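Work through the following exercises on charged side chains with the coordinates open beside you. Each task is followed by a solution that proceeds step by step.

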Amino acid sequence: MISKLVASAAAALADVPDGATVMIGGFGTAGQPMELIDALLEQGAKDLVIINNNAGNGTTGLAALLGANRVRKIICSFPRQADSQIFDGLYRSGKLELELVPQGNLAERIRAAGAGIGAFFTPTGYGTPLADGKETREINGRQYVLEYPLHADYALIKAERGDRWGNLVYRKTARNFGPIMASAARVAVAQVREVVELGELDPETVVTPGIFVQRVVQIAGQPAAKEQQ
C-alpha cells in the first residue's frame, strides 16, 4: 500500500544535497514550516538556493538558516522588514545573492513550473531595473516582460491535515504558497498537524492532491495513522 508518511522531519530531509534549490512556504510566519526548516538546518546542506516570499524574521526559522551561512542565493519578494537584520547584514557584506521578484510574478513563476508552462509575459516590472536584460514585447498596446518558471528540488510546506497518500488541507491563509510550491518541486515535503485515515478528508476540501506530495511528516497533534508498508 502506498504510504508517504515519514517518521521524522530529519528523515524527510536526509537526502537534501549541497547546492539544492529549496522552496519554503509561508507568508512571513503564517504557514512557515518551522520544524522542517530547523531539520534542514540540523541536516547540514549548504550552498542552497532558497525561494520564499520573504527573507526571514528575527533569528529563527529561515533567518537562522541564513545566519548559519548555508544559503548562497535567495529569490523572494520582501527581503527587508523591521526584523530582517540577518538578511540585511549578509546582503550588504556580499555574502548572499538576491533575486528580487514582485510577489505576483513570484507566485506565477512558481505556478507556471507546476503547470508545465515554458514562460509567460507579464506587465509587472516593465520599465524598471527588474526588467533589465529580459525580453519585452508589446501585446495589444501594452508592454510586457518575459518571465520563466521557478522549479525546485525540494519544497518545504506546512498543512493542517494530511493522509498517507499525501492529500493536504490547510488552515485558512496559512495555505498561501504551499499548493503551488508542492507542484513545482521534484520532492514536496509537507509537515502536518494531524494525519488522518484515508477517506477522512472530504475530496471537495483537498487543496493539494497527493500526486504533488512525496513525503508527509506529522509534527504535532494526535498520533499519526499507522504507516502502511
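## Salt bridges in a predicted model

**Exercise 1.** Classify lysine 73 as buried or exposed, and then examine its pairing with glutamate 99.

*Solution.* In this predicted model, lysine 73 has a relative accessible area of 16%, and because the cut-off for buried is under 20%, lysine 73 is buried. Its side chain meets that of glutamate 99 in a salt bridge, with an N to O distance of 3.1 Å. Glutamate 99 belongs to strand 4 (residues 97–100) and lysine 73 to strand 3 (residues 71–76), so the pair ties together parts that are 26 residues apart in sequence. Glutamate 99, at 23% relative accessibility, counts as partly exposed. Both residues also appear in a network of salt bridges that links Asp47, Arg72, Lys73, Glu97, Glu99 and Arg109.

**Exercise 2.** Determine what separates aspartate 88 and arginine 92 along helix 4, and how accessible each of them is.

*Solution.* The two side chains meet in a salt bridge at 3.0 Å, N to O. Because aspartate 88 and arginine 92 are four residues apart in helix 4 (residues 85–92), about one helical turn separates them. Aspartate 88 counts as buried at 17% relative accessibility, whereas arginine 92, with a relative accessible area of 60%, is exposed.

**Exercise 3.** Locate the partners of the salt bridge between arginine 193 and glutamate 160.

*Solution.* The closest N and O atoms of this pair are 2.6 Å apart. Arginine 193 lies in strand 10 (residues 185–195) and glutamate 160 in strand 8 (residues 152–162), so that distant parts of the chain, 33 residues apart, are linked. Arginine 193 counts as partly exposed, at 37% relative accessibility.

Conventions
Residues numbered from 1 in each chain as written. Predicted model: local features only at pLDDT ≥ 70, side-chain atom pairs only at ≥ 80, totals over all residues. Heavy atoms only, no water. Salt bridge = Lys/Arg side-chain N within 4 Å of Asp/Glu carboxyl O. Helix = DSSP H or I, 4+ residues; strand = E, 2+ residues; numbered from the N terminus. Buried < 20%, exposed > 50% of the residue type's maximum accessible area, 1.4 Å probe, protein only.
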